[in-house]
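Work through the exercises below with the sequence and the 3D structure open. Try each task before reading its solution.

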Amino acid sequence: MLARTLADPQARAIASAGTTVTPAEGDPRVLARDLLDRASDATVVWIGSSDGDPGLTDALAAEATRRGGSVAPEVEVLVGSWDQPGSRLLDVVTVMDRLRSPGGCPWDAEQTHQSLVPYLIEEAHEAVEALESGDDDHIIEELGDVLLQVAFHARVAAEREDGFDIDDVSAALVEKLVHRHPHVFANVEAADAAAVEANWEQLKAAEKPDREHPLDGIPPGMPELARATKVASRLERAGLAEQLRSEVDARLTGGEQVVAAQLMDLVLRARADGVDPSAALRVLLRDLAATDFGPASP
């Protein structure tokens, strides 16, 4: 079983089902000769690429004609399909429905939005750890746990007469993404990522005109270092970076806020150097956790 590339969706789907697929790239004429050579003593399955493998059909016909009808293999064309990306999300909804329905899981049935909050926070932190580890299996697992929280909250809400469901969540997300990407879905031009980000902020401001303070909307429950970074980012985008620096400098000279000002000063310096202070601190803490400090002093 061969395919031009294992990156093709159909080849990838077949390989993920446990069937070995061998990549076979090359000029259509060379590839045609290789396929016919293989077919002389074995059954060969060629998984068509999404672009239709330009030139391969003609090359196969030409090579088969050149070899003569007596040695040309029998060719059968089968039209296959694979699950569209995202189809397994329907399985998540189905499983969540089963867990919350009568006869399902007693623990799941007792949960509320409020009781699930600690798990959402915990899973988000574990997902960050997985993403920074670079371990794909770990990332898949932890992103799945975050996805579970979204599905869980949507299922809890769907049980209320005035509630919402996973389709409402998805629809709101799609509407937001389309609205905030007019350079993709409309006729707005965006030359680079900076222009995209600037346009995004303008759209957000238009969507939430009731925000009077530049820091409105930043969750107070964010970890303090991440919140400080968000505050700096928000004020910088509002053109208030110099005022922020003045406020921090004024508190560096003394008083009970000097330690807090020193921490904020580090945040500003890290941002100026293109460093995420939270990520940098997590790296250091992981390094320390893996360091052999020897026996503790008596």
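**Exercise 1.** Is Tyr119 buried, partly exposed or exposed?

Solution. The structure is a predicted model. Start with the value for Tyr119: its relative accessible area is 32%. Next, recall the cut-offs: buried means under 20%, exposed means over 50%, and partly exposed is in between. Tyr119 is therefore partly exposed.

Now apply the cut-offs to Trp107. Its relative accessibility is 40%, so Trp107 also counts as partly exposed.

**Exercise 2.** Find how many aromatic pairs the whole structure has, and describe what is found.

Solution. Searching the whole structure gives one aromatic pair. The partners are Trp107 and Tyr119, with ring centres 5.7 Å apart and planes at 85° to each other. Planes over 60 degrees apart count as edge-to-face, and the pair of Trp107 and Tyr119 is of this kind.

Then place the partners. Trp107 belongs to helix α5 (residues 106–110) and Tyr119 to helix α6 (residues 113–133). The pair therefore ties together parts that are 12 residues apart in sequence.

**Exercise 3.** Describe the surroundings of Asp53, beginning with its place in the chain.

Solution. Asp53 sits in the loop between β3 and α3. Its relative accessible area is 8%; since buried means under 20%, Asp53 is buried.

Look next at the side chain. A polar contact of 3.0 Å links the side chain of Asp53 to that of Trp46. Another polar contact, of 2.8 Å, runs between the side chains of Asp53 and Ser49.

Last, list the residues touched. Leaving out residues up to four places away in sequence, Asp53 touches Arg4, Trp46, Ile47 and Gly48.

**Exercise 4.** Follow the chain from the loop before α1 to the residue Gly18 that follows α1.

Solution. Ala7 lies in the loop between β1 (2–3) and α1. With a relative accessible area of 54%, Ala7 is exposed. In sequence Ala7 is 42 residues from Ser49, but in space the two C-alpha atoms are 9.6 Å apart.

Go on to Asp8. This residue caps the N-terminal end of helix α1 (residues 9–16), with a side-chain oxygen 3.2 Å from the backbone nitrogen of Gln10. After α1 comes Gly18, with a positive phi near 105°.

**Exercise 5.** Which element gives the largest share of the lining of the largest pocket?

Solution. Begin with the pocket itself. The largest pocket has a volume of about 980 Å³. Its lining has 27 residues, and those nearest its centre are Val45, Trp46, Val75, Glu76 and Val77. Two or more lining residues come from each of α1, α2 (28–39), β3 (46–47) and α3 (56–67). The largest share is that of α3, with four residues. Sorted by class, the lining holds 18 nonpolar, six polar and three charged residues.

**Exercise 6.** Describe the second largest pocket in the same steps.

Solution. The second largest pocket holds about 740 Å³ of space. Its lining has 28 residues; Ala228, Ala260, Leu263, Met264 and Val267 lie nearest its centre. At least two lining residues come from each of α11 (224–237), α12 (241–252), α13 (258–272) and α14 (277–289). The most come from α13, which gives seven residues. By class, 21 lining residues are nonpolar, three are polar and four are charged.

How values were computed:
Residues numbered from 1 in each chain as written. Predicted model: local features only at pLDDT ≥ 70, side-chain atom pairs only at ≥ 80, totals over all residues. Heavy atoms only, no water. Polar contact = N/O pair within 3.5 Å; in protein donor to acceptor, adjacent residues only side chain to side chain. 1 Å grid on protein atoms, 1.4 Å probe; cavity = no way out; pocket = protein on both sides within 12 Å on 5 of 7 lines; lining within 4 Å. Points joined across faces, edges and corners; volume = space filled by probe spheres on them. Nonpolar A, V, L, I, M, F, W, Y, C, P; charged D, E, K, R; others polar. Phe/Tyr/Trp six-rings, centres within 6.5 Å; stacked < 30°, edge-to-face > 60°. Buried < 20%, exposed > 50% of the residue type's maximum accessible area, 1.4 Å probe, protein only. Contact = heavy atoms within 4.5 Å.
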